[in-house]
Amino acid sequence: MTWSPILTVNSIFLSSILYVIKHSPVWLIPLVTGEVINTVTSGVDVAKRLSVYAVILFLLLAQNIPMHILYSRHIDKILRTISAGVRNTLVKKLQSLSLTYHKELESGRIQSKFLRDIEAIEFLNTHLMKTVIPALIGVIASIVIAAMKSGKVTLFFMVLIPINVFVVYFFRNGMTDANRRFRKENEDISAKVSSMLDMIPVTKAHGLENEEITALEEKIQRLRDKGLILDKVNAYFGSASWVLSQIMSAICLFSTAYLAIRGEIQVGDIVLYQSYFTSISNNVQGLINIFPNLTKGMESIQSVADIMLSNDVENN
């Protein structure tokens, strides 16, 4: 039985093309803004050139509405289809598994995988389509346009990416481990709750309510502790990446100002480069911020795969 919890190459390619077209104003507006400033400061053919830039800007903005509708319709259809496909495939697999497998894997764990893990996979696909791919495209577009204007500034832009990648690498193992422990605690408590509900008549008959409450409270406390550890790791990760990003942005501002003073770039290019650097920084920051959710989604794929790849099948 084959299953595909994540996106296909064709869907990614088409959505990327639509995104580039509809999002082009974000990358071209800083270029137009810089040229407007340079035109005003130079005083040459000001009215004519400003009119041309105004028309270009209007056309760029006008195309966003129809293209955004096409883009949203395309990715929403893909995400809904994949989500329904994963659920249908999981239901069919559960029906084909043997009774022994169902007894070994408590119903509470199965419910956790079907509800929580599939939801996490949906978030993973949504982040891939609506955050990761647009962010990567934004970084590439900003670097390419900046490279057309100045090689020196572009080299400085390239320094930002390895620094942020280092931050991700530094925190990766900690976040992966924390997500795995938190998921397992969630499955344990789901299994315990399901078992407790099934055993309520027996528990009441023997007067064991307090023992059941104590046992469940211990599991809830462990879940709380694992959740706090995960929150702390994510907080350190987000703070460190944001501070590094802002420091690099400030360095970019003063570096381009220095180049303008030396006459290596025009005054309007300061705004241009700062806009592109901020765009790159925000996109990289966005990728970093959702990294914990990506690790959570990948962990959930592994969790669902435990069922999907099981060979303990009973055909009737």
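**Spaces, core and helices in a predicted model**

Student: How many cavities of 30 Å³ or more does a search of the whole structure find?
Tutor: This is a predicted model, where local features need pLDDT of at least 70 and side-chain atom pairs pLDDT 80 or more, while totals for chains, interfaces and linings use all residues. Residues are numbered from 1 along each chain as its sequence is written, and side-chain values use heavy atoms, without hydrogens or water. A cavity is a set of points on a 1 Å grid over the protein atoms alone where a 1.4 Å probe fits but cannot get out. Searching the whole structure for cavities of 30 Å³ or more gives a count of 1.

Student: How much space lies in the largest cavity?
Tutor: Its lining (residues with an atom within 4 Å of a point) consists of Ile82, Ser83, Val86, Ile118, Ile121, Glu122 and Asn125. The volume is the space filled by probe spheres set on the points, joined across faces, edges and corners. For the largest cavity this comes to about 40 Å³.

Student: Which helix gives the largest share of the lining of the largest cavity?
Tutor: Helices are DSSP runs (H or I, at least four residues), numbered from the N terminus. Helix H3 (64-96) and helix H5 (107-149) each supply at least two of the lining residues. The largest share, 4 residues, comes from H5.

Student: Is Ile121 buried or exposed?
Tutor: Ile121 lies in helix H5 and is one of the residues lining the largest cavity. Its C-alpha atom is separated by 9.0 Å from that of Glu299, 178 residues apart along the chain. Because its relative accessibility is 2% (under 20% is buried, over 50% exposed, in between partly exposed; 1.4 Å probe, protein chains only), Ile121 counts as buried.

Student: How does Ala62 count by relative accessibility?
Tutor: Ala62 lies in helix H2 (residues 46-62). The C-alpha atoms of Ala62 and Lys22 are separated by 9.6 Å, with the two residues 40 apart along the chain. The relative accessibility of Ala62 is 38%, so Ala62 counts as partly exposed.

Student: Which helix supplies the largest share of the largest nonpolar core?
Tutor: A nonpolar core joins buried Ala, Val, Leu, Ile, Met, Phe, Trp, Tyr and Cys residues through side-chain atoms within 4.5 Å. The largest has 52 residues, of which Leu90, Phe157, Phe237 and Tyr273 touch the most other members. Helix H1 (9-42), H3, H5, helix H6 (151-198), helix H8 (209-261) and helix H9 (267-308) each supply at least two residues. The largest share, 15 residues, comes from H9.

Student: How far apart are the end C-alpha atoms of H9?
Tutor: The expected span is 1.5 Å times one less than the number of residues. H9 has 42 residues and should therefore span 62 Å. The separation of its end C-alpha atoms agrees with this, at 59 Å.

Student: At which residue does H9 bend by about 45°?
Tutor: A bend is the angle between axes fitted to the seven residues ending at a residue and the seven starting there. A proline, Pro292, follows the H9 bend within four residues. The bend of about 45° is at Phe291.

Student: Where does H1 bend by about 50°?
Tutor: H1 has 34 residues and reaches 48 Å from its first C-alpha to its last, close to the expected 50 Å. Just after H1, Gly43 takes a positive phi of about 75°. Within H1, Pro25 follows the bend within four residues, and the bend itself is at His23.

Technical notes
On a 1 Å grid over the protein atoms alone, a cavity is a set of points where a 1.4 Å probe fits but cannot get out, and a pocket is an open set with protein on both sides within 12 Å along at least five of seven lines; lining residues have an atom within 4 Å of a point.
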